[in-house]
There are 2 protein chains.
Amino acid sequence: MGKSEETRSLIVATAMRLFTENGYDRTTMRSIAAEAGVSVGNAYYYFSSKEQLIQGFYDEIAWVHQTAARERMAGETGFAERLEHVLLCWVDTAEPYHRFGTQFFVNAADPESPLSPFSADSAPARDATIALWREVVENSDLKVDPELREELPELLWLFQMGVVLFWVHDRSQQTKRTRMLVRRTVPLIARLAGLSRLRVLRPITRELLSLIHDLAKKDS
Amino acid sequence: MGKSEETRSLIVATAMRLFTENGYDRTTMRSIAAEAGVSVGNAYYYFSSKEQLIQGFYDEIAWVHQTAARERMAGETGFAERLEHVLLCWVDTAEPYHRFGTQFFVNAADPESPLSPFSADSAPARDATIALWREVVENSDLKVDPELREELPELLWLFQMGVVLFWVHDRSQQTKRTRMLVRRTVPLIARLAGLSRLRVLRPITRELLSLIHDLAKKDS
DNA sequence: GTCTATAGCAAGATAGAC
DNA sequence: GTCTATCTTGCTATAGAC
């Protein structure tokens, strides 16, 4: 690891520590620089803004979650069970950062921000997560409309974003409410996915898939 | 209108203009004050922060939307039609502010912020909007499980928040994509609501209602 | 209670020297 | 790559006019 890399990661690590200790807003660039033993200008040499420091945090949490989730659902074939494992695993992984994590995800809500989960910059992280969801579906015993099956990983990623949004607003102890949300919506989703082939629901399923397809088009 | 009211609305109007022209971030309190011909101190006398200026914007847009929406769905009894009217009416009302509106809704995403649609400060505006949704349901010909009917206004408000979230990220011309989303999800929602009494879906409906009920509890 | 003027702080960000 | 000095801007404080 060159000097450059070293300074960079020193700054990130210091920032993460101060963020967890004092919160995002109350942690100043000055204090990060001072604590890391570098100048403010140097910190800005590596990170073009305070927000940019957050990307490092995202990548790490995503990485930890994916490894833990794969381990946790290994051997399990029930779709609902796999779904629940992955989501609860995320809640567990993110738990220590909940206090200041909210600040982070607020910044991520800005569509212009490279930190947005929908942004081009987030594409690698997003794709990696969707790949995880594809594994959830493919190695499960789920019986579902083949076309829906194809779209399911992306839809589950979207649902995960919804869970994150709920989690951000969750003020209960140990984010119990988010856990409840997960535990009780997961069976509903699994049930609905299974029912999607039913005669009465078939047209709704098709129209939903067609809509998603049309919305995904880059033009229009 | 007294002098106080006049100054207040002058400041809001100026701020709105500058926000639309230059964006939220690039508009400084100094420039707002200068352009409105008041001192910075005076601006802060009326609005405790730059964010606070946004609340005025919210209130105005909500007011305009509600009046226009009531007019637009008057006489219409079809549930899906009424739903579509109200949502498309919102998209129309918000259209001129889309460019900088995103900046606003980002601030609103902060759960700690009084600007959050879930905050206590937003309760009056939220209740007014939910009341509008209650009218949508009640004066329609919708046949639906009575318990679901009771919760429907709040659920529709939540759906509206989802539409807003989509709208914020919508970069298409005249927010065509959001309009498409509305036009095509509305029939699905109406259909699903109607089907909620079906034997296969009944348990799902009940469980969903029970979950919402439990999540709404303040404790836990 | 409404408003001006001005000085100043804190903190994010930048310029330019080395 | 790194630093010091400086700028910008949200926000506060004060003192006083009407």
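Tutor: Let us start with a term: a salt bridge is a side-chain nitrogen of Lys or Arg within 4 Å of a carboxyl oxygen of Asp or Glu. The model we are reading is predicted, and in it A:E147 forms a salt bridge with A:R206, with the closest N and O atoms 2.4 Å apart.

Student: Which parts of chain A does the pair A:E147 and A:R206 tie together?

Tutor: To place a salt bridge in the fold, look up the element that holds each partner. A:E147 belongs to helix α8 of chain A and A:R206 to helix α10 of chain A, so the pair links parts that lie 59 residues apart in sequence. As for accessibility, A:E147 is partly exposed at 42%, and A:R206 is likewise classed as partly exposed, at 31% relative accessibility.

Student: How many salt bridges are there over all chains, and where do A:E135 and A:R70 lie?

Tutor: Over all chains the count comes to 24 salt bridges. In one of them the side chains of A:E135 and A:R70 meet, N to O, at 2.7 Å. Helix α7 (residues 123-138) of chain A carries A:E135 and helix α4 (residues 52-73) of chain A carries A:R70, so this pair ties together parts that are 65 residues apart in sequence. A:E135 has a relative accessible area of 27% and is partly exposed, while A:R70, with 31%, is partly exposed.

Student: Is A:D214 buried or exposed, and with which residue of chain A does A:D214 form a salt bridge?

Tutor: Since buried means under 20% relative accessible area, A:D214 counts as buried at 18%. Within chain A, A:D214 forms a salt bridge with A:K217, whose closest N and O atoms are 3.5 Å apart, and A:K217 is partly exposed with a relative accessible area of 39%. Some salt bridges in chain A also share partners, and in this way A:R72, A:D92, A:E95 and A:R179 are joined into one network.

Student: Which side chain of chain B meets A:D214 in a salt bridge?

Tutor: Here the reading moves from one chain to the interface. The side chain of B:R184 meets A:D214 in a salt bridge of 2.5 Å, N to O, and the two side chains are also joined by a polar contact of 2.5 Å. B:R184 sits in helix α9 (residues 176-195) of chain B and counts as buried at 18% relative accessibility. Leaving aside residues up to four places away in sequence, B:R184 touches A:E207, A:S210, A:L211 and A:D214.

Student: How should I read the interface as a whole, and how many residues of chain A are in contact with chain B?

Tutor: Take the contacts, then the area, then the polar pairs. In contact are 39 residues of chain A and 39 residues of chain B. The area buried between the two chains is about 3,300 Å², with carbon and sulfur atoms giving 66% of it. On the side of chain A, the residues that lose the most area to chain B are A:R177, A:R184 and A:L215, which together make up 19% of what that side buries. Between chain A and chain B the count is four salt bridges, and there are 10 residue pairs in polar contact, both residues being at pLDDT 80 or more. The helices of chain A that each supply at least two residues of the side touching chain B are α6 (98-108), α8 (146-169), α9 (176-195) and α10 (202-216). By class, that side of chain A divides into 21 nonpolar, seven polar and 11 charged residues.

Student: Turning to the nucleic acid, how many residues surround DNA strand D, and which element gives the largest share of the surface near DNA strand D?

Tutor: Begin with who is near, then ask which atoms meet. DNA strand D is surrounded by 17 residues, of which the closest are A:S4, A:S39, A:Y46, B:M29 and B:R30. The largest share of the surface near DNA strand D comes from α3(A), with four residues; α1 (3-22) and α3 (40-46) of chain A and α2 (29-36) of chain B each supply at least two residues. This surface has five nonpolar, nine polar and three charged residues.

Student: Which part of DNA strand D does each of A:S39, B:M29 and B:R30 approach?

Tutor: A polar side-chain atom of A:S39 lies 2.9 Å from a phosphate oxygen of DNA strand D, and a backbone N or O atom of B:M29 also lies 2.9 Å from a phosphate oxygen. For B:R30, a polar side-chain atom lies 2.8 Å from a base nitrogen of DNA strand D. Of the atoms of DNA strand D within 4 Å of the protein, 62% belong to sugar or phosphate and the rest to bases.

Note on methods. Residues are numbered from 1 along each chain as its sequence is written. Chains are lettered from A and ligands numbered from 1 in the order in which they are written. This is a predicted model: local features need pLDDT of at least 70, side-chain atom pairs count only at pLDDT 80 or more; totals for chains, interfaces and linings use all residues. Side-chain values use heavy atoms; hydrogens and water are left out. Contact means heavy atoms within 4.5 Å. Buried area is the accessible area (1.4 Å probe) that two parts lose on being put together, summed over both. A polar contact is a pair of N or O atoms within 3.5 Å; within protein, one must be able to donate a hydrogen and the other to accept it, and residues adjacent in sequence count only if both atoms are side-chain atoms. Ala, Val, Leu, Ile, Met, Phe, Trp, Tyr, Cys and Pro count as nonpolar, Asp, Glu, Lys and Arg as charged, and the others, Gly among them, as polar. Buried means under 20% relative accessible area, exposed over 50%, partly exposed in between (1.4 Å probe, protein chains only). A residue is near a molecule or strand if one of its heavy atoms lies within 4 Å of it.
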